[in-house]
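This report deals with the contact between two protein chains and with one residue at that contact. The sequence and structure come first.

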There are 2 protein chains.
Amino acid sequence: MGRNGLEQDWLSSTQQRLEGAGHRPSGPRSAVIELLARQTCCLTAREITDLLREDGRDVGTATVYRALELLHSLGAVQRLDTGERFARYEAADPSGEHHHHLLCARCGRVSQFEDERLERAIAGLADRLSYRVEGHDVVLRGTCPGCAEPIA
Amino acid sequence: MGRNGLEQDWLSSTQQRLEGAGHRPSGPRSAVIELLARQTCCLTAREITDLLREDGRDVGTATVYRALELLHSLGAVQRLDTGERFARYEAADPSGEHHHHLLCARCGRVSQFEDERLERAIAGLADRLSYRVEGHDVVLRGTCPGCAEPIA
DNA sequence: GTGAATGCAAACTCTTTGCATGACT
DNA sequence: AGTCATGCAAAGAGTTTGCATTCAC
């Protein structure tokens, strides 16, 4: 299944979940959800607002935050804190599949990766800790290929 | 080498590094450094200010932040963002040894762990990525033993 | 004496909340 | 009607900055 299929999955399952929880498919909120469905990686609240405006769909800041909070509480959106002073948000795969992030220290760009071995290490680790582990975030910091190029 | 030895190591190597960079061992900044040396885990800026006040060493908020920023830029302090709305800081082992953190979703308490297998997984991962990876943070979220106890 | 460091208060940024307006069932 | 949702503006919270004063060398 390609990316369009996944988009559709997330979009429709999220809309269903919202409806099931008694929420209405209003215009502004739908715009946020549809935008998130189209992304390949995380966005800040500001970026979401700006992208929607470029699309001619002005949505108030508070509405964006409220939509994100709602989606996060339903598990449809992952909130990501990379140590910048703002949060990033992205669609969370309903199947539980997930990836982690790479942050370029120079340009601030965020990209993503998956690693099965890392997931296994964390799962094994969770077993030996006295915490009940329910989730995890991994952020790698470094220099992206573009920024690492020789300055010459 | 026990904890006192490590404290001493960090304290003196940090003081040396500051002096080497042309900074003066002033009272307020030294108080911050000495406090950090005594900790076993990360503190927020607010906690640092409050603990110093309890010790009778009033240090202004701005000074605390400036000290932390300076120490961070020298690599002597690690800054940790757990997705709460504030950062946490802790002494960074000069040897490069490090640990990661567990955050209790209920009480907000932070504890730490080390895991060699996790470190190896990340090191292996870094090799196959096109990024030049310079650091990483891992945060596990869950419920701490205290909060997981039956309510009865 | 000179440059660094401090502390206060004001400024800033991201995020949340109060409240009146508007939309959907 | 009765909710839920929106948008603006104001409030909050953590962090940073401007600036005059104080401190260390």
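The text below covers the interface as a whole, then the strand pairing, then a single aspartate.

The model is predicted. Chain A contributes 38 residues to the contact and chain B contributes 37 residues. The totals for the pair of chains are as follows.

| Item (chain A and chain B) | Value |
|---|---|
| Buried area | about 3,200 Å² |
| Share of buried area on carbon and sulfur atoms | 55% |
| Salt bridges | 4 salt bridges |
| Polar contacts, both residues at pLDDT 80 or more | 18 residue pairs |

On chain A, the elements that each supply at least two residues to the side touching chain B are strands E2 (77-81), E4 (100-104), E5 (110-113) and E6 (132-143), together with helices H5 (116-128) and H6 (145-148). Strand E6(A) gives the most, with 12 residues. By residue class, this side of chain A divides into 17 nonpolar, 8 polar and 13 charged residues.

E6(A) also pairs across the interface: 11 bridges join it to strand E6 (residues 132-143) of chain B, and the two run antiparallel. One of the bridge partnerships links A:Arg132 to B:Thr143 in E6(B).

On chain B, B:Asp115 sits in the loop between strand E5 (110-113) and helix H5 (116-128). B:Asp115 counts as buried because its relative accessibility is 11%, under the 20% cut-off. Within chain B, a polar atom of the B:Asp115 side chain lies 2.9 Å from the backbone nitrogen of B:Leu118. Across the interface, B:Asp115 touches A:Ala121, A:Leu125 and A:Arg128. With A:Arg128, the side chain of B:Asp115 forms a salt bridge at 2.7 Å, N to O.

Key:
Residues numbered from 1 in each chain as written. Chains lettered and ligands numbered in written order. Predicted model: local features only at pLDDT ≥ 70, side-chain atom pairs only at ≥ 80, totals over all residues. Heavy atoms only, no water. Helix = DSSP H or I, 4+ residues; strand = E, 2+ residues; numbered from the N terminus. Buried < 20%, exposed > 50% of the residue type's maximum accessible area, 1.4 Å probe, protein only. Polar contact = N/O pair within 3.5 Å; in protein donor to acceptor, adjacent residues only side chain to side chain. Contact = heavy atoms within 4.5 Å. Buried area = accessible area lost by both parts, 1.4 Å probe. Nonpolar A, V, L, I, M, F, W, Y, C, P; charged D, E, K, R; others polar. Pairing = 2+ DSSP bridges. Lists of a residue's contacts leave out its neighbours within four places in sequence.
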